[in-house]
Amino acid sequence: WLYRCFSCGAQGDAIDFIREHDGVDFNAACEKLGATDTIWKPRIELSAAELAPVLDRITTAAPIGAESPNMNLRKLGEPVRVWAYRNESGHILGYVARYEVEGKKEIRPFTWGARGDDMPAWSVGSFSKPRPLFNLDKLAARTDAPVIMVEGEKACEAAELLLPQYICTTFPGGAQAWKHADLEPLRGRRVDLWPDADEPGRAAMLAISKVIADPRGLACTGKLIDPRGLIDGGDAADWPAGEDPIPWLRERSTWYAPPNPAPQDSAASLPP
């Protein structure tokens, strides 16, 4: 139903006529014409594929002989450092790449995996949970060696040079990501913890110590290092060249679970 006034030139549909004639808004004009619902709701028909839930991407070890991924990213360029994550047998699980743009670091994980029935491939994406620890192949090769856990692959690489008697490990994703890491490979081992010199790092390592020390679980022993004295946020990579870290570490470390602890009377007497 359309109208046109040949005198003034006004024209439109029935709703426009009621609005102009009665001086009301769109909703009121609709109500005068008998509409029961004047709130417009867009309706979009979605396909079955669009309505289906998004599947998690499942990561696995890359096929033996698979080429490494192209890590040149459009906004970040080429990585300045790359660390390979391997399983106990030494097969590649994925990579963690470090980029530096205008003085700021950017970290990107590259993993092999797929969603649903898609073809597996390399992609920028996190490892499936629980996520692997760094240097699993070295942990498997030296089962009697003490372990030192740090925050980040760069710190781990530096700690390996400072403390060759240790196997160094870390977890992907930053301080709070330890909750998603598979800590099982640490079971029963001597594990010292070296946090970054900041509150998130100290809090994360303190939480880890409580989890891995439980004698009903992983039953690890080891010391927690107080990193204060390093630069703010500093780690093993910031250790002064040529200086022996052992005296500093001994002075600032305390047992979170000593070896051969006194037997407990019952499980109820254990700390939470």
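How many bridges join strand S5 (residues 92-101) to S6, and do the two strands run parallel or antiparallel? Select both strands in this predicted model: eight bridges join S5 to S6, and the strands run antiparallel.

**The strands around S5 and S6**

Begin with Tyr95, which stands opposite Phe110 in S6. Then move to the turn of this hairpin, where two residues lie between the strands and Glu102 takes a positive phi near 55 degrees.

Next, add strand S4 (81-86). S4 and S5 are paired in the antiparallel sense over six bridges. Tyr95 serves again as a landmark here, since Ala84 stands opposite Tyr95 in S5. The S4 and S5 hairpin has five residues between its strands, and Gly90 takes a positive phi near 95 degrees.

Return to S6 (residues 104-115) and select strand S3 (residues 57-60) with it; four bridges join these antiparallel strands. To place this pairing, show Arg57, which stands opposite Arg115 in S6.

Strand S7 (residues 121-124) also pairs with S6 in the antiparallel sense, over four bridges. Select Thr111 and Ser123 together: Thr111 stands opposite Ser123 in S7. Five residues lie between S6 and S7 in their hairpin, and Gly116 in the turn has a positive phi of about 55 degrees.

**Helix H5 and the largest pocket**

Now select helix H5 (153-162). Which of its residues are buried? Within H5, Glu153, Ala155, Cys156, Ala158 and Ala159 are buried. Display S4, S5 and strand S9 (167-169) alongside them, for these are the strands against which the buried residues of H5 pack.

Keep H5 in view and turn to the largest pocket, which holds about 520 Å³ of space. Its lining comprises 24 residues; Arg98, Lys105, Ile107, Gly152 and Glu153 lie nearest the centre. S5, S6 and H5 are the elements that give two or more residues to this lining. S6 supplies the largest share, four residues.

**The largest nonpolar core**

Select Met149, Leu183, Val191, Leu193, Trp194, Ile212 and Tyr256: these residues have the most contacts inside the largest nonpolar core, which has 48 residues. Its largest share, five residues, comes from helix H6 (residues 199-213).

Centre the view on Ile212. Which residues does Ile212 contact, leaving aside its neighbours within four places in sequence? Its contacts are Leu183, Val191, Leu193, Leu218, Ala219, Cys220 and Tyr256.

A second, separate core has 11 residues, including Leu73, Leu76, Tyr95 and Tyr99. Tyr95 will be familiar as the residue opposite Phe110 in S6.

**Aromatic pairs**

The structure holds six aromatic pairs. Select Trp194 and Trp248, whose pair is tilted, with 5.9 Å centre to centre and 40 degrees between the planes. This pair links distant parts of the chain, 54 residues apart: Trp194 is in the loop between strand S10 (191-193) and H6, whereas Trp248 is in helix H7 (residues 246-251).

Are these two tryptophans buried or exposed? Trp194 has a relative accessible area of 1% and is therefore buried. Trp248, at 11% relative accessibility, also counts as buried, because the cut-off for that term is under 20%.

For another aromatic grouping, display Tyr85, Phe127 and Phe134, which form one cluster.

**Towards the N terminus**

Select Ile15, found in helix H1 (residues 14-22). Leaving aside neighbours within four places in sequence, Ile15 is in contact with Phe26, Ala29, Cys30 and Leu33. Add Leu2 to the selection: it is 13 residues from Ile15 along the chain, and the C-alpha atoms of the two are separated by 9.3 Å.

**The whole chain**

Finally, clear the selections and view the complete model. The chain has seven helices and 12 strands. Of its 272 residues, 37% count as buried. Among contacts between residues at least 6 apart in sequence, 59% join residues at least 24 apart.

Terms used:
Residues numbered from 1 in each chain as written. Predicted model: local features only at pLDDT ≥ 70, side-chain atom pairs only at ≥ 80, totals over all residues. Heavy atoms only, no water. Core = buried A, V, L, I, M, F, W, Y, C linked by side-chain atoms within 4.5 Å. Buried < 20%, exposed > 50% of the residue type's maximum accessible area, 1.4 Å probe, protein only. Contact = heavy atoms within 4.5 Å. Pairing = 2+ DSSP bridges. Phe/Tyr/Trp six-rings, centres within 6.5 Å; stacked < 30°, edge-to-face > 60°. 1 Å grid on protein atoms, 1.4 Å probe; cavity = no way out; pocket = protein on both sides within 12 Å on 5 of 7 lines; lining within 4 Å. Points joined across faces, edges and corners; volume = space filled by probe spheres on them.
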